[in-house]
Amino acid sequence: MSPPLTGIIVAMQEELEVILQSLDKQRSVQRAGMEFHLGLYAERPVVAVICGVGKVNAALCTQLLISEFNIQRLINLGVAGGLGAEIKPGDIVIADSLVQHDMDLSPLGLAKGQLFRMDVFDFKTDPILRKHALQASAQITHHDHFVGRIVTGDQFIASPNQAHALHQDFSALACEMESASIAQVCYLNQIPFICIRSISDNANTGAHMDFEQFTPIAVANASTLLQNMIPLCDSVPTQASIKA
Ligand code: ADE
C-alpha cells in the first residue's frame, strides 16, 4: 500500500516557492485555475497548491484536494496578523480551533461566528498533527510559539479597534483569510487538518507595511517548520482509519 498523500495548501505564490525548493516534483495538474504540484517532500508523497486569498478560494481548493486527489490529511501554512499584545511579527501560531469571524447571524439569535445549523461553533485541528507541529516549531528558537484559536474572514485587518475586538470576542491569537473555511471542509469530509501561521503583522494601522517587511521571514519560518514536521506525520491517522 502506498503511503498516505498529504495536502499542503497556501494562499500566496511566495509561500509555495519555498516549498517547491524542497519538493521532488513528479507532475502538476490544473483544476479550476489552480496548479496542483505532486511529488515527494522529505521522501513522503504530497500535493502542494496555492489556493489564492479568501474563503471561497480556500474551500474550493480543499474540496478538490479531497475529492480529486484523495488526500488523507491537510496542512495549511501561511502568514497571519497577530492579535493581542503578546504576539509579535515572526512568531508562530498553531491553531487549535478556527472560527469564521465575519459569519454573523446575530439577528437570528446566533453567536457571531456561528454557522447556520452547524453542530459545532469552532472547527478543531487534529490533535496529533498539532502535537507534531508544536514539536517541529520548537526547533525554530528565535521566535515564540503559541497554540490557540485563529479567526478567518474575507478582510485584511488593519485597525487596532478591529484587532482588539477579534482578540476579545473570539479569544483569538491571529487572524487571516482562509483557514476556517479549509477547516470546515475538512470537518465535513473527516480529514485531519492543521493550520500553522507565522505572524507577518499586528493587524493594526501599520499592518500593510509590516506585511511587506515580515512576510519573507514568516514564509522562511513556515518552510523550516514543514521540513521538520512532515517526517513526524507518518503516524497520523488517515481518513480511512478514522472511518473504520
Ligand atoms: N494575513 C496576514 N496579515 C493579515 C491581516 N492583518 N488580516 C488578515 N489576514 C492577514
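Here are some numbered notes to help you find your way around this structure.

1. First, the ground rules. This is a predicted model, so local features need pLDDT of at least 70 and side-chain atom pairs count only at pLDDT 80 or more, while totals for chains, interfaces and linings use all residues. Residues are numbered from 1 along each chain as its sequence is written, and side-chain values use heavy atoms, with hydrogens and water left out.

2. Let's start with β5, a strand made of residues 73–82. Helices (H or I, at least four residues) and strands (E, at least two) are DSSP runs, numbered from the N terminus. Ten of the ten residues in β5 are buried. Buried here means under 20% relative accessible area, exposed means over 50%, and partly exposed is in between (1.4 Å probe, protein chains only).

3. Who are the partners of β5? Strands count as paired if DSSP finds at least two bridges between them. β1 runs parallel to β5, with four bridges, and one pair to look up is G7 with L74. β10 (residues 193–201) also runs parallel to β5, joined by eight bridges; I75 pairs there with I194. β9 (residues 172–176) is antiparallel to β5, with two bridges, and G81 has C175 as its bridge partner.

4. Follow β9 onwards and you get to β8. Four bridges join β8 to β9, and the two run parallel; T152 sits opposite E176. On to β6 (residues 92–100): eight bridges link β6 with β8, again in parallel, and V99 stands opposite V151. β8 is mostly covered, with six of its eight residues buried.

5. Have a look at R149, which belongs to β8 (residues 145–152). Is R149 buried or exposed? R149 counts as buried because its relative accessibility is 17%. The R149 side chain makes a polar contact with the side chain of S97, at 3.0 Å. (A polar contact is a pair of N or O atoms within 3.5 Å; within protein, one must be able to donate a hydrogen and the other to accept it, and residues adjacent in sequence count only if both atoms are side-chain atoms.) Contact in general means heavy atoms within 4.5 Å. Setting aside neighbours within four places in sequence, R149 has contacts that include D96, F121, D122, F170 and A174.

6. There is a ligand too. Which residues are closest to the ligand? Of the 13 residues that surround the ligand, the closest are G81, F156, I157, E176 and D201; a residue is near a molecule or strand if one of its heavy atoms lies within 4 Å of it. A ligand nitrogen lies 3.3 Å from a polar backbone atom of G81. For I157, a polar backbone atom is 2.8 Å from a nitrogen of the ligand. With D201 the side chain takes part: one of its N or O atoms is 2.7 Å from a ligand nitrogen.

7. Now the helices. In α1 (residues 13–21), E15, L16, V18 and I19 are buried. These buried residues line one face of the helix, because they fall within an arc of 160 degrees when seen down its axis. That arc is taken from the directions from the helix axis to the C-beta atoms. The buried residues of α1 pack against several elements, including β1 (6–10), β5 (73–82) and α6 (207–229).

8. In α6, try T215. T215 counts as buried because its relative accessibility is 5%. A polar atom of the T215 side chain lies 2.5 Å from the backbone oxygen of F211. Not counting residues up to four places away in sequence, T215 touches M12, E14, V79, S200 and D210.

9. For contrast, pick A85 in the loop between β5 and β6. A85 counts as exposed, because its relative accessibility is 83%. A85 and L173 are 88 residues apart in sequence, yet their C-alpha atoms are 9.7 Å apart in space.

10. Last, the cysteines. How many disulfides does the structure hold? Zero, with a disulfide being a pair of cysteine sulfur atoms within 2.5 Å. For C51, the closest cysteine sulfur is that of C61 at 5.3 Å, so it is too far for a bond. C195 is in no disulfide either, with the nearest cysteine sulfur, in C186, 11 Å away. C51 counts as buried at 4% relative accessibility, and C195 counts as buried at 0%.
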